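Here are a few short exercises to work through with the model open beside you. Try each task before you read its solution.

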Amino acid sequence: MAENRETWGTKLGLILAMAGNAIGLGNFWRFPYQAAKNGGGAFMLPYFAALLVLGIPLMYVEWMQGRYGSKYGHGTVGCMTYLQAKEKLGHSSAAIIGALAGMLVFSVTTLVNAYYTQIIGWTLGYSYLSLTGGYMDASKSTGEIFVNYIQNPVMSITFWVIALALLAFALSRGVQKGIEAWAKVMMPLLYVLGFILIIRALTLGSPVNPDWSPIKGLDYLWSPKWNELNWQSALAAAGQIFFTLSLGMGIIQNYASYLKPDEDIVLSATTTVFLNEFAEVILGGTIAIPIAYTFLGPEGIAAGVGLSFIALPNVFRMMAGGQFFGALWFLVLFFAGFTSAIAMYNYLIAMLEEDLNIPRKVGAILVFGFYILVGLPSALEPILTKTSELVFLTELDNWVGSYFLVVVGLIEALVVGWLFGEKNALEEMNRGSYWKVSSGFFNLMIKFVTPLSIVILLIFSTKSYIQNGYFKWVPSFVEKMPELVPWVQGARVLLLAILVIGFAEAYYTIQRKYGSAQTQKGAKA
């Protein structure tokens, strides 16, 4: 391991931080409505299949890449990918592959977190509204209250900046005193508050319809609706696995780069997967859906992403102790979002530390300002347009938050499976591990099944994107809203700029650190 590189203080801190990285907002608001609208119990078949063929193999790959990179002082994906590809490809081709991987990961950690932290700000703001009764006025719809919230700069921008400031403060203190210390507090609280909400959810009675019970809400979610099982639901399941495990974002590699040289990464990676799945399938699936179903019936679940900020506040205003339980719900969302956002934030700090030798505390402030700059357009869109369409955020999420993750996963599987090779990869994965990844698992899953599955996923995702008009100059979802087209185009300009910056930064870093050695080697030859 590179000298003076910080490491995790305790095994528990490592597991909680990694679990916090994986457990995010997607576990509690994205998973329930994705499962409900894509076949309920039938959705879980492709979901668990994707977990086995995509999730677990890529988790081992990303943990291994992170610890391997730490030996050379790297916590970012571009240099890690280069080092694992250069023996087979040579310096020039490996540098291009590394720069492409670094570019995509930089775009994800920059653009996803720019709007993800805004949603975290919403959860913090709604915790405040819950305690103060801000959405309890029955004369106003919760939809109207939410629209007023995101169009109110004092509320929406203030709580977003507070969330970013808390992230900057935590990360300025380093890995052990910052990331690890916050994870040790937030993750246990998340599980405790989650169990309190589960108990409350399962003991509710519906004042609206006696047939709308919590158990029937669970039945609605988990009963297989086989007629709804199709390629679209399978794609949604695979996409949820990438989203929920934070795969393809570079942040698992970044956290794994702070491991000690002989840390058990196989057991740690497996534990992280199961902690995340418990939070998603058990906690996430047993809180939001039963509560919404009990008061709102099937249409409450159909609220989609509005389930948390529109449907459930409508429930909390009707139920006994609603202000208290509403505050608990939004605090669970805040803790889940914060522990994921902190990982993406730290990735950018690591780039500044390792590539430009900028001290961590200075880096934390610079990244804070960078996120304000990049995130401001999506924050200002509802304020300036007086709409709630959020097309700027939608366009970025369509590409960076859904598509790019899968492309990065394919690059990782191909580089580790075919370029780094079985011998090197298994030696790194299994060093210090109680459970060993077998040669058969590596050659079957990581070399063939996982990359082939990702290719199939990309092909059908691309087909879906074409059918939905995402590749058009004016995407289909804004064709009837011409006044919002400039916001979509602005999102594309920002995306292109971030891709260019990301490629240039990764390529420059690889060349600066390894290009001169290759030049000297060539001169000697």
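**Exercise 1.** Decide whether His91 is buried or exposed.

*Solution.* Begin with the cut-offs: buried means under 20% relative accessible area, exposed over 50%, and partly exposed in between (1.4 Å probe, protein chains only). His91 has a relative accessibility of 13%, so His91 counts as buried. Next, find its place: His91 belongs to helix α5 (residues 91–132). Finally, look across the fold: the C-alpha atoms of His91 and Gln511 are separated by 9.1 Å, though the two residues are 420 apart along the chain.

A word on the ground rules: this is a predicted model, in which local features need pLDDT of at least 70 and side-chain atom pairs count only at pLDDT 80 or more, while totals for chains, interfaces and linings use all residues. Residues are numbered from 1 along each chain as its sequence is written, and side-chain values use heavy atoms, with hydrogens and water left out.

**Exercise 2.** Find which parts of the chain the salt bridge between Lys513 and Asp355 links.

*Solution.* Start with the criterion: a salt bridge is a side-chain nitrogen of Lys or Arg within 4 Å of a carboxyl oxygen of Asp or Glu. For Lys513 and Asp355, the N to O distance is 3.7 Å. Lys513 sits in helix α20 (residues 485–524) and Asp355 in helix α15 (residues 322–356), so this pair links distant parts of the chain, 158 residues apart. Now compare the partners: Lys513 is partly exposed at 27%, whereas Asp355 is buried at 5%.

**Exercise 3.** Work out what the salt bridge of Glu395 and Arg492 ties together.

*Solution.* First check the distance: the closest N and O atoms of Glu395 and Arg492 are 3.0 Å apart. Then place both residues: Glu395 lies in helix α17 (residues 391–420) and Arg492 in helix α20, so the pair ties together parts that are 97 residues apart in sequence. Glu395 is buried, with 2% relative accessibility. To finish, put the pair in context: the whole structure has eleven salt bridges.

**Exercise 4.** Describe how Lys472 and Glu479 meet, and how accessible each one is.

*Solution.* Take the contact first: Lys472 and Glu479 form a salt bridge whose closest N and O atoms are 2.4 Å apart. Then take accessibility: Lys472 is partly exposed at 36%, and Glu479 is partly exposed at 44%. Elsewhere, salt bridges with shared partners join Arg67, Lys71, Asp262, Glu428 and Arg431 into one network.

How values were computed. Helix = DSSP H or I, 4+ residues; strand = E, 2+ residues; numbered from the N terminus.
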